[in-house]
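Biologist: Could you take a close look at one part of this model for me, the place where the two chains meet? I'd like the cut-offs spelled out as you go.

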Amino acid sequence: MSESLRGVVVSHAALAQGLVEAVRQITGEADPLIPLSNEGCDGGLLAARLKHAIGDGPAVVFVDLPGGSCLQAAVRHQRTATDVAVVAGVNLAMLLDFIYHRDLTPAEAAKRAVETGGRAVRAVTP
Amino acid sequence: MTLDLVRLDDRLVHGQVVVGWGQALAASLVIVMDDRVRQSEWEQELYRMGMPPHMSLEFASVEEAVAAVPRWLCSSQKTLLLTGDVDSLVRLVEGAPAIRRVNVGGLHQQPDRRQRLRYLYLSETEAEQLRRLAERGVEVSVQDVPTARPIPFREIP
């Protein structure tokens, strides 16, 4: 990879902003992550905002739910773009890991995010 | 009547509908009525990704929906019908006058639309179309989620 990956976090309400802010507080850096809310957007407007946020470089789009308007906008964009991968079910653990592993291809980074994020979800018993 | 909700919502299948309305009405079938999506297999697959396992999703053109309304009304399956544009909604109600109540959910920003509520933008043409439906005796109410107060369309600025 000659260009580091960018991450775009797309969510309902202010979840994306909160996740990116949490990454910033924990790591001191979150510039490679761009938060986007679906507030006030139909599918077309959200897709346009997503396209603007991604720009021309390689990117991973993290969406909150494995269905719904955020995922739909991401997949619609992915069909017209090269070098864009989509991960549904974003969590803080995968974003923290992503920040430090942006030298991968989008597909590799997406696979890594699914593994890292999945490992972070567990039932904790005393 | 088991066509429990006929809803105008430009996001079609999304959380507010599947989780919010689906849970509140205990719906087990969602119908997306959209002429374009009816012809697009990849878009149908995209909408299927958002469905919980206990709910089914079907797609219909407006013409197919008009023909199927009598069957849906007699079905024991609790059903939500979604459409994303005012024209399709009007065509449905004109073709299937048994539908006496429609819900206006989210319609979002477009260049020719004016904001009426936080989640509702309508052009003057769209507002007039909905007004005419209401004048013909169809109950047109605006309500984004089940816990919100349904607002009669005549109260919309």
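Modeller: Across the interface of chain B and chain A, the rule finds two salt bridges, where a salt bridge is a side-chain nitrogen of Lys or Arg within 4 Å of a carboxyl oxygen of Asp or Glu. In one of them, A:Glu39 is the partner of B:Arg118, and the closest N and O atoms are 3.6 Å apart. On chain B's side of the contact with chain A, helix H3 (residues 41-48) gives the most, with four residues; helices (H or I, at least four residues) and strands (E, at least two) are DSSP runs, numbered from the N terminus. Sorted by class, that side of chain B has five nonpolar, five polar and five charged residues. In this scheme Ala, Val, Leu, Ile, Met, Phe, Trp, Tyr, Cys and Pro are nonpolar, Asp, Glu, Lys and Arg are charged, and the others, Gly among them, are polar.

Before going on, the ground rules: this is a predicted model, so local features need pLDDT of at least 70 and side-chain atom pairs count only at pLDDT 80 or more, while totals for chains, interfaces and linings use all residues. Residues are numbered from 1 along each chain as its sequence is written, chains are lettered from A and ligands numbered from 1 in the order in which they are written, and side-chain values use heavy atoms, with hydrogens and water left out.

Back to the interface. Between chain B and chain A, five residue pairs are in polar contact, both residues at pLDDT 80 or more. (A polar contact is a pair of N or O atoms within 3.5 Å; within protein, one must be able to donate a hydrogen and the other to accept it, and residues adjacent in sequence count only if both atoms are side-chain atoms.) As for the footprint, 15 residues of chain B are in contact with 16 residues of chain A, contact being heavy atoms within 4.5 Å. The two chains bury about 1400 Å² between them, 50% of it on carbon and sulfur atoms. B:Arg11, B:Trp42 and B:Leu46 supply 42% of the area that chain B buries against chain A, more than any other three residues. Buried area here is the accessible area (1.4 Å probe) that two parts lose on being put together, summed over both.

While you're in chain B, have a look at its strands too. Strand E5 (residues 101-104) pairs with strand E8 (residues 139-142) in the parallel sense over four bridges, and B:Val102 stands opposite B:Val140 in E8(B). Two strands pair if DSSP finds at least two bridges between them. E8(B) also pairs with strand E9 (residues 151-152) of chain B, in the antiparallel sense over two bridges.
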